Amino acid sequence: MSKKRLYRRRTALLAALALVLLFGSTLKDSLAYFTTYTRVNGHWPVTFGSDTEIEETIEDLTKKIQIENTGETDCFVRIRAYFGEDMVVLKKVEEADAKDGAVHWTQDGDWWYYSQVLKPGETTCELAMTFAPHQNLHLNPVIDTFHVVIVQETAPVLYRTNPDGTRTPYAEWPEQNEEAGS
């Protein structure tokens with residue numbers, strides 16, 4: 001082999017080695033960019049929203065309402081009654097909860113809130129709403145039929161940490177805009 005050929009071969013080999021070292025030093029960073037996954041063991045189920053069933057019974061002019069949590073997560077519930085202008089709610093009576101004898105329904109505006117966390121499979125205590133014809137209308141006080149629509153909403157249970165380290169459950173309800181079109 002000639003000296004000239006040996007010199008070219010050695011120069012090409014050194015150039016190739018320099019390129020390998022140059023690109024090899026940044027290879028680790030490049031591989032980190034392209035390997036953006038990780039492996040984990042185990043699983044944790046994620047559920048979105050709550051499933052509830054509303055149970056309504058009517059006796060005379062009284063509508064009795066209960067809500068059952070048929071979902072897999074804890075939730076809070078609230079209800080609202082929609083009815084015509086010719087009817088008014090005469091009285092709202094909550095039946096005492098058979099478990100603890102406490103009253104759990106509270107009214108805030110047009111909504112009635114159940115104050116306890118509703119766990120899966122549990123049912124709220126009964127809320128009885130008695131309706132009557134509006135006093136300004138001269139209707140027959142004996143009414144055969146009336147239309148009342150009950151709307152219920154659920155909210156997930158959130159927890160607020162207290163200064164003593166305990167956690168208090170609460171719900172965040174969406175703001176209701178009562179005026180149409182605004």
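Here are a few short exercises on this protein, each with a worked solution; the model is a predicted one.

**Exercise 1. Take stock of the elements: how many helices and strands are there, and in what order do they run?**

Start by counting: the protein has one helix and ten strands. Next, walk along the chain from the N terminus, and you'll read α-β-β-β-β-β-β-β-β-β-β. So the helix comes before the strands, going by that order.

**Exercise 2. Work out what share of the residues is buried, and what the exposed surface is made of.**

Begin with the cut-off: a residue is buried when its relative accessible area is under 20%. With that rule, 24% of the 182 residues count as buried. Now turn to the outside, where the protein exposes about 14000 Å². Carbon and sulfur atoms account for 54% of that area.

**Exercise 3. Find the open sheet and trace its strands: which ones sit at the edges?**

First, get the order: four strands line up as E5-E6-E3-E8, with antiparallel pairing. Then look for strands that pair on one side only; these are E5 (105-108) and E8 (148-156), the edge strands. Going from one strand to the next, the twist averages 25 degrees. As background, strands of a sheet pair through backbone hydrogen bonds.

Now zoom in on one edge. E5 runs antiparallel to E6 (residues 111-114), and four bridges join the two. For a concrete spot to click on, try glutamine 107, whose bridge partner in E6 is tryptophan 112.

**Exercise 4. Examine the hairpin made by E9 and E10: how many residues lie between the strands, and which turn residue has a positive phi?**

Locate the strands first: E9 covers residues 158-161 and E10 covers residues 167-170. They pair in the antiparallel sense over four bridges. One of the pairs is threonine 161 with arginine 167 in E10. Five residues lie between the two strands. In that turn, glycine 165 has a positive phi of about 95 degrees.

**Exercise 5. Check the cysteines: how many disulfides are there, and are cysteine 75 and cysteine 125 buried or exposed?**

For a disulfide, two cysteine sulfur atoms must be within 2.5 Å. Apply that rule and the count is zero. Next, compare accessibility with the under-20% cut-off for burial. Cysteine 75 has 0% relative accessibility, so it's buried. Cysteine 125 has a relative accessible area of 5%, so that one is buried too.

**Exercise 6. See how far apart in sequence the contacting residues are.**

Keep just the contacts between residues at least 6 apart in sequence. Of these, 66% join residues at least 24 apart.

Conventions: Residues numbered from 1 in each chain as written. Predicted model: local features only at pLDDT ≥ 70, side-chain atom pairs only at ≥ 80, totals over all residues. Heavy atoms only, no water. Buried < 20%, exposed > 50% of the residue type's maximum accessible area, 1.4 Å probe, protein only. Contact = heavy atoms within 4.5 Å. Areas by Shrake-Rupley, 256 points an atom, 1.4 Å probe, with all protein chains shown as cover. Pairing = 2+ DSSP bridges. Axes fitted to C-alpha atoms, helices over the stretch in contact; angles between N-to-C directions.
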